[in-house]
Each structure stands twice: as C-alpha cells, then as structure tokens.
Amino acid sequence: MFSGIQPTADSFHLGNYLGALRSWVRMQDTHDSLYCVVDLHAITAGHEPKVLRQRTRVAAAQLLAIGIDPERSTLFVQSHVPAHAELAWVLGCITGFGEASRMTQFKDKAARQGTDRASVGLFTYPVLMAADILLYRAAEVPVGEDQRQHLELSRDLAQRFNRDFGKTFVVPEAYIPADTAKITDLQDPTSKMSKSSSSPNGIVELLDEPSRSAKRIRSAVTDTGREIVYDPEHKPGISNLLSIYSALSGETVAELERRYEGHGYGDLKKDLGQVVADFTTPIRERTQGYLDDPAELDKILAVGAEKARVLADATLRQVYDRVGFLPAA
Ligand code: ATP
Ligand code: MG
C-alpha cells in the first residue's frame with residue numbers, strides 16, 4: 001500500500017490523523033507499506049522555501065512519532081524520487097482536460113485563490129497523485145473521504161494505460177475509514193478540517209499546546225438544542241465532536257451518548273479537551289525528540305528514498321518502454 005501527506009502546515013491535525021494516518025500505522029502490520037511526505041504537491045498553491053523545508057522535516061518527525069516504523073515501512077520524501085514527476089508527465093498525456101476539470105478539490109481551491117492565480121500545478125495535482133500511487137503498484141490507498149474522487153481518477157488512468165499499452169499498473173482501491181472519513185472544521189462543521197483552508201480556530205493540531213486545543217474545542221460551533229446525540233445532518237458540530245471523542249477514546253458513540261445524557265455541551269467539550277491532550281502530548285514530545293536530531297532524521301529519509309527509488313525506477317523504466325521511448329543506453 002501507498003499513501004502520502006502534504007507538508008502544508010506546521011502540524012498535522014486530527015482530521016489527517018483520524019482520516020488517514022491512523023490507518024497508516026495499523027496497516028503496517030498487514031501490508032508492505034510506503035509512506036510519503038509529498039512536497040511536490042505542497043508547492044502547488046504558493047509557499048515559502050524555508051518554511052517548506054522545515055515543514056517537510058516536521059512532517060516526517062510527526063509520522064515517526066505517531067508510530068510509522070522505518071524498519072517495517074518505507075518512509076520518504078517525494079522530491080527525493082524523481083520518478084514521481086516523470087510518471088506524472090506520462091499520465092498527464094492520457095488524462096482528458098475535461099476529466100481533470102471535473103475534480104472538485106481543484107474547483108474549490110481555485111475558487112478560493114481566484115482562477116487567474118490558481119496554478120497549472122494545482123490543476124494537475126491529481127495526476128501527480130496517480131503517479132505516486134501507480135509507481136509502487138499499490139493495491140490499497142488509505143485516505144480520507146475528500147480523496148475519493150482523486151482515487152477514482154488514479155483507477156481510471158491505471159486501467160486506461162493498461163488497456164492502451166499493456167498491463168503495467170495495479171488498479172488501486174481507496175481505503176476510507178467508515179466513522180472518521182471526514183472530520184469537520186470546528187468553526188464550520190459542514191466543511192472538512194483542512195491544513196491550508198481552515199481558520200486556526202477550526203483545527204485541532206497534533207503539535208499544539210493542550211491548553212490551546214482545549215480552548216478551540218470549547219469554542220467549537222455547536223448546534224441549537226441541548227441534547228448530546230449523534231446526528232450529522234441536524235447536529236453536525238456535536239456529531240463531529242462525538243466522532244473525534246469516540247475515535248480517540250475507543251468508546252462507541254452510543255456509549256458516549258448514554259454517558260452525556262442530561263449533561264450540557266460544555267461538559268462534553270471539557271472532557272474532550274482532556275482526551276485530546278492525553279492523545280497529543282506524547283506525540284508532541286516524540287516529534288520534538290526526532291527534530292532534536294536532524295541528522296538522524298535525514299538518514300532515515302535517505303534510506304527510505306533509496307528503497308523507494310528502486311521500486312519506482314523499475315516501474316518507470318517499464319512505462320517508458322511501453323510508451324515507445326528509445327532506451328537511454
Ligand atoms: P491541505 O489543506 O493542504 O490540502 P489537508 O488537511 O487536506 O491539507 P492533506 O495533506 O491534503 O491534508 O491530506 C492528507 C490526508 O489526510 C489525506 O488522506 C486526506 O484525505 C486526509 N484528510 C485531510 N483532511 C481530512 C479530514 N478533515 N478528515 C479526514 N481525513 C482528512
Ligand atoms: Mg488536502
């Protein structure tokens with residue numbers, strides 16, 4: 001399996017963790033896994049070079065801190081493996097312009113930036129993502145709900161290439177968790193929690209001070225009414241808090257509903273602040289530990305890149321041959 005995450009913020013958030021990263025950790029036990037900090041994707045919407053470099057290290061450190069084990073899995077940085085960009089070009093040439101234009105993430109992000117300012121890189125982002133996955137012939141891709149459409153495109157491109165040039169790629173399946181596929185913004189519980197588009201008060205960061213996370217949870221937008229029940233349609237705010245609470249504590253939503261019967265929203269929010277603090281504190285400490293030894297961190301990433309390059313280059317060579325490029329030597 002393969003999956004990636006963008007270094008587009010100083011910290012990952014609970015949506016990243018519950019939608020995707022938690023599956024990454026678990027699937028190491030059952031799958032041959034590759035995990036990638038996708039820095040090429042992170043330059044599609046404007047960035048600061050120094051900040052990107054720091055965020056890439058912090059991203060890798062967080063992945064190690066949550067339990068990605070570089071002995072069992074391949075952890076690497078996308079730009080260290082040139083085949084990602086190279087395969088993306090080939091796949092871009094079998095992607096329809098109209099097909100790419102239908103991607104809702106591009107439409108949303110481009111609308112926020114203004115169509116004239118949105119980059120071609122943002123437009124072809126899903127093609128690069130297809131290259132990421134197909135290079136490693138990944139069968140499963142653990143992602144949040146927001147990536148479902150991009151995964152569909154990856155599948156279509158794999159099938160199209162296989163049909164036109166001979167069987168080369170594995171057609172990947174999205175692995176999307178049932179209960180936490182879309183954690184929503186605390187301030188806007190109908191939008192997903194997002195590194196780059198949520199307001200600071202809308203996100204709970206893995207690396208934030210517990211007191212600040214608790215404050216953000218306390219000021220989360222909740223719904224009219226007083227009852228603590230899971231009802232995403234009518235009570236999206238409370239339902240989101242219950243999903244987070246349940247996922248982090250291991251208690252079912254039904255158990256939580258029973259426990260908070262007769263209690264107000266304030267009680268739930270206060271307790272959730274503590275649950276989040278208990279969960280994030282060791283992650284924050286371990287992340288700092290990895291950041292304190294950047295040489296060791298870079299070594300782990302170098303080993304990962306070396307392992308990834310071997311796999312990626314073999315696929316790319318086959319692709320170049322199948323499309324009819326002249327061998328280089
Ligand atoms: P950006 O705003 O820069 O796109 P992001 O928060 O969407 O950042 P990504 O790096 O794009 O994070 O995505 C990493 C993984 O986290 C993906 O698998 C994505 O589906 C998942 N994910 C992101 N946000 C959520 C969310 N709110 N709920 C569940 N999963 C999420
Ligand atoms: Mg995203």
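At what angle do the axes of helix α2 (residues 49-66) and α12 cross, and within what distance do they come? In this predicted model, the two axes cross at roughly 80° and come within 11 Å. Angles of 65 to 115 degrees count as roughly perpendicular, so α2 is roughly perpendicular to α12. If you would like to find this contact on screen, pick out R57, A60, A61 and L64 on α2, and P294, L297, D298, I300 and L301 on α12. By class, seven of these residues are nonpolar and two are charged, with no polar ones.

Let us stay with α12, which spans residues 294-323, and turn to another of its partners. Helix α3 (residues 83-92) packs against α12 at an angle of about 25°, and their axes are 10 Å apart. Angles under 35 degrees count as roughly parallel, which means that α3 runs roughly parallel to α12. The crossing of this pair is left-handed. From α3, the contact draws on A83, E86, L87 and V90, while α12 supplies A312, D313, L316, V319, Y320 and V323. Eight residues of the α3 contact with α12 are nonpolar and two are charged; none is polar.

Now for a pair that does not involve α12. Helix α5 (residues 104-113) and helix α6 (residues 120-135) have axes 10 Å apart and pack at about 165°. Because angles over 145 degrees count as roughly antiparallel, α5 is roughly antiparallel to α6. Here α5 passes α6 in a right-handed crossing. On the α5 side you will see Q105, F106, K109, A110 and Q113, and on the α6 side L122, F123 and Y125. This contact of α5 with α6 has five nonpolar residues, two polar ones and one charged.

One residue of that contact, K109, also leads us on to the ligand. A polar side-chain atom of K109 sits 2.8 Å from an oxygen atom of ligand 1. K109 of α5 therefore takes part in the contact with α6 and, with 3.5 Å as the limit for a polar contact, also in a polar contact with ligand 1.

Which residues come nearest to ligand 1? There are 22 residues around ligand 1, and the nearest are D146, I183, K192, K195 and S196. For S196, a polar side-chain atom is 2.6 Å from an oxygen atom of the ligand. M193 contributes through its backbone: one of its polar backbone atoms lies 2.9 Å from a nitrogen atom of ligand 1.

How values were computed: Residues are numbered from 1 along each chain as its sequence is written. Chains are lettered from A and ligands numbered from 1 in the order in which they are written. This is a predicted model: local features need pLDDT of at least 70, side-chain atom pairs count only at pLDDT 80 or more; totals for chains, interfaces and linings use all residues. Side-chain values use heavy atoms; hydrogens and water are left out. Axes are lines fitted to C-alpha atoms, for helices over the stretch in contact, and angles run from 0 to 180 degrees between N-to-C directions. Helices (H or I, at least four residues) and strands (E, at least two) are DSSP runs, numbered from the N terminus. A crossing is left-handed if the near helix is turned anticlockwise from the far one by less than a right angle, and right-handed if clockwise. Contact means heavy atoms within 4.5 Å. Ala, Val, Leu, Ile, Met, Phe, Trp, Tyr, Cys and Pro count as nonpolar, Asp, Glu, Lys and Arg as charged, and the others, Gly among them, as polar. A residue is near a molecule or strand if one of its heavy atoms lies within 4 Å of it. A polar contact is a pair of N or O atoms within 3.5 Å; within protein, one must be able to donate a hydrogen and the other to accept it, and residues adjacent in sequence count only if both atoms are side-chain atoms.
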